[in-house]
Structures are given as structure tokens and as C-alpha cells.
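Colleague: I am new to this structure and would like to go through it piece by piece. Could we start from a helix and work outwards?

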Amino acid sequence: MATSAPAKSVDSVRIQKRLQKVGIPRGMRDFVVTGAKRVMAPGEEERRVSYLSKVPKPRCVDFDSFKKAGAGFLDNAALPEGEAATQEAQALLAELKATGQVVKPARQRKRDFLVRLAGHAELLARPEIADFVLSDELLALASHYLGQVPVLTRFDMWWSPINDKMSESQFYHYDGEDETQLKIIVYLNDVDLENGPFTTLSAADSEKVKSTKVFAQRRSERLDDERVESIVGKDAVVRIVGPAGTLAACDTGRCLHYGSRAKSRDRFILMAQFTKFLCPKALVPDWKLEGDRRSFNPLQKLVLNVT
Ligand SMILES: O=C(O)CCC(=O)C(=O)O
């Protein structure tokens, strides 16, 4: 596979906004963006699909069960890089706290239950963290799950301060970027039922909710617990609780999910998002990796879309 130049892409977020402004419906907008991505990088998606034959199957989940459920814990033993990444991210967090950077930005008053503390540039500059998010095992999971070598579209550290809010992503919802995508979650402190665990339904249970009148057939829909649980029952709810270092993955395009209902203590996480190359609503980011001159292998280059 040629990795001589990063695949060209389009600013899907900007195009989506412009088309929305002039009243183009969602389905048509997605069609236009996907088409534009295809034109800018002919054959790229097909190359990413065929590269899959070179990627071993993941061992950090029972793959067939995971594929069906769309969400679950990852086995730390199969992802040994997770421990060093957690420690390094905790060290970064300690630095941010010591330098007074763990503060709620004034402009983010509405969404102050989930605050971004660090982005991909700071995280990927730390080898222990990059080695985890670009580990063979994690990329095997994301690639086989999505049926192609995906793009790492976001990678951030998030802080969920204690809050008594109930808004936006604290309600059950699907993520809007694509109908399938994969988010990887790493807990940086212990998370129990009181400090806002990431919470999800399986893809099948989500589908049950989606097929009823409760769901208004808009992907941006937010649903309260009562309405959801009246359909699938309380036992269907999967709460990702565990000590610092807990690893989980969720297809937030297929699984209704929520989080950050932090009542007793703050929650700190790393979250990486992998999407298909032609994802209609995610950027193929222009990763700025100047600070990091380590060499990436061909699979990592594809995931980062760098040369
Ligand atoms: O705060 C959380 O745990 C949920 C975040 C979320 O909904 C998302 O990243 O899609």
C-alpha cells in the first residue's frame, strides 16, 4: 500500500454547516460530503478495506460477541500499553492541575459537565500514550470492527466535574458523525456509579428503542432513562465502572449511551474516536505531529493519515 502522501480529504464539518444553512436535508448533506471525500481520494476507502487482510484479529475482546454487542470492556492483559498510557495521562493531568489548567472555561458554561483538558497534539506527543492508541491491538480492534483501516478522528482528555446537570450527552443518545464508529475509553481515576460512568445499551437493545415511537427517528434525539428503560428494562443497561486503567470500547453510532452524571467525585478519561474514511461528519484530521519524529509503521500512518 502506498503511503507516500496522505489521502486528501475535505472539511466535512464546514461543508455540513454550509449545506445545513441553506436547508439541505441531512441525508443529502451526508451524500454530498461522502461523494466529495471519494472524489478527493479515489480508491482510498477500498485500499483501507483491502489492507484489513494484513491486520491480525484482535485478542482484547471476544470479537464476534463484541461486534454484535457494539460495546464492552477491553481485556487489559491483551493491551499491556494501557497501563503505561494511563500513568502517563495521570502525570499529564497532575501537571495540568499543578499549573491551574483544570478549570471550567467561561465560554463553556452550558457544557461544563464535560470539559476537554487536552487534545491529540499533547497526547500523541507522549510516547506512552501514542503507543497505546496506536498499538497493534487497538488498531486491530478498530480496523476489524469497522471493516477497514479507520482514521483516528479525535483523541482527547476529558474532565467531568461533579455536577447536578442533566443535559445533552448526559441523556441517552447516538453520536451523529456516522452510523458506525468506535470510541475507546480509558479511565484515569476510579469510576463507580456515583461519578458518572460511561453507560450504554447493546446495539440490539438500542435498535429495540429505535424501532419504537419513543425514538423520533432523528439521530440528534436525546432520551431520558424512563423512556428507554420502559422498553428494554433496567437490566439491559451496561455501566462501565472500574478502577483507573479500565479500558472499554463503544460504537456510539450503534449504541445509545450517556455519561458524566458525576455526583460524588470528578471523572477523568481519555477518549479516542475511530471512524471510517468516508465518514460524512468527521474530519480526516490534519494531525500536527511536528514535535514527534518517531517513525510510524504503515498501519499507524494510515490511521493518522500522515506520510
Ligand atoms: O460523558 C460521557 O461519558 C459520555 C460522552 C459521550 O456521550 C460521547 O463521547 O459520545
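**Helix α8 and its surroundings**

Modeller: This is a predicted model. Nine of the 11 residues of α8 are buried, so the helix is largely enclosed by the rest of the structure.

Colleague: Which residues of α8 are buried, and against which elements do they pack?

Modeller: The buried residues of α8 are Glu137, Leu138, Leu139, Ala140, Leu141, Ala142, Ser143, Tyr145 and Leu146. They pack against three helices and three strands, namely α4 (63-69), α7 (127-133), α11 (298-304), β4, β7 and β9.

Colleague: Is serine 143 buried or exposed?

Modeller: Serine 143 is in helix α8. A residue with 20 or more other C-beta atoms within 10 Å is classed as buried. Serine 143 has 26 C-beta neighbours inside 10 Å, so its class is buried.

Colleague: Which residues is serine 143 in contact with, leaving aside its neighbours within four places in sequence?

Modeller: Valine 241 is 98 residues away along the chain, and its C-alpha atom is separated from that of serine 143 by 26 Å. With the neighbours within four places in sequence left aside, the contacts of serine 143 are Leu52, Val55, Gln148, Val149 and Pro150.

Colleague: What is the phi of the residue that follows α8?

Modeller: The residue after α8 is glycine 147. Its phi is positive, near 75°.

**The sheet of six strands**

Colleague: What is the order of the strands in the open sheet of six?

Modeller: The pairing in this sheet is antiparallel. β1 (71-73) and β2 (115-118) stand at the edges with a single partner strand each, so one side of each has no neighbour in the sheet. The twist from one strand to the next averages 25°. The order is β1-β7-β4-β9-β3-β2.

Colleague: Which residue is the bridge partner of valine 115 in β3?

Modeller: β2 and β3 (residues 151-160) pair in the antiparallel sense over three bridges. In β3, the partner of valine 115 is tryptophan 159.

Colleague: Which residues of β7 bridge to glycine 72 and to lysine 183?

Modeller: β1 and β7 run antiparallel and are joined by three bridges, while β4 and β7 pair in the antiparallel sense over four. In β7, glycine 72 is partnered by alanine 249, and lysine 183 by cysteine 250.

Colleague: Which buried residues cover the two faces of β7?

Modeller: Both faces of β7 are covered. On one side the buried residues are Leu247 and Ala249, and on the other they are Ala248 and Cys250.

Colleague: What angles do α5 and α8 make with β4?

Modeller: Helix α5 (residues 81-98) lies across β2, β3, β4 (182-187), β7 (247-250) and β9 (267-275), at about 70° to β4. Helix α8 (residues 136-146) packs on the sheet and touches β4, β7 and β9; its direction makes an angle with that of β4 of about 150°.

**The sheet of three strands**

Colleague: Which are the edge strands of the open sheet β6-β5-β8?

Modeller: The three strands of this sheet have antiparallel pairing. Three bridges join β5 (residues 198-200) to β6, and threonine 199 has arginine 239 as its bridge partner in β6. Two strands pair on one side only, which makes the edge strands β6 (238-240) and β8 (257-258).

**Two packed helices**

Colleague: At what angle do α1 and α2 pack?

Modeller: The crossing of α1 and α2 is right-handed. Helix α1 (residues 12-21) and helix α2 (residues 26-40) have their axes 10 Å apart, and the angle is about 145°.

Colleague: Which residues make the contact of α1 with α2?

Modeller: The contact residues divide into five nonpolar, three polar and one charged. From α1 they are Ser12, Ile15, Gln16, Leu19 and Gln20, and from α2 they are Arg29, Val32, Val33 and Ala36.

**The ligand and two loop residues**

Colleague: How do the residues of the shell around the ligand divide?

Modeller: The residues surrounding the ligand include Leu114, Asp175, Lys183, His257 and Met271. The shell divides into four nonpolar, six polar and two charged.

Colleague: Are glutamate 168 and asparagine 305 buried or partly exposed?

Modeller: Glutamate 168 is in the loop between β3 and β4, with a positive phi near 40°; asparagine 305 lies in the segment after α11, with a positive phi of about 55°. Glutamate 168 has 14 C-beta neighbours inside 10 Å and so counts as partly exposed. Asparagine 305 has 22 C-beta neighbours inside 10 Å, so asparagine 305 counts as buried.

Technical notes. Residues are numbered from 1 along each chain as its sequence is written. This is a predicted model: local features need pLDDT of at least 70, side-chain atom pairs count only at pLDDT 80 or more; totals for chains, interfaces and linings use all residues. Two strands pair if DSSP finds at least two bridges between them. Axes are lines fitted to C-alpha atoms, for helices over the stretch in contact, and angles run from 0 to 180 degrees between N-to-C directions. A crossing is left-handed if the near helix is turned anticlockwise from the far one by less than a right angle, and right-handed if clockwise. Two residues are in contact if their C-beta atoms, placed from the backbone, lie within 7 Å. Ala, Val, Leu, Ile, Met, Phe, Trp, Tyr, Cys and Pro count as nonpolar, Asp, Glu, Lys and Arg as charged, and the others, Gly among them, as polar. A residue is near a molecule or strand if its C-beta atom, placed from the backbone, lies within 6 Å of it. A residue is buried if 20 or more other C-beta atoms lie within 10 Å of its own, exposed if 12 or fewer, and partly exposed in between; C-beta atoms are placed from the backbone.
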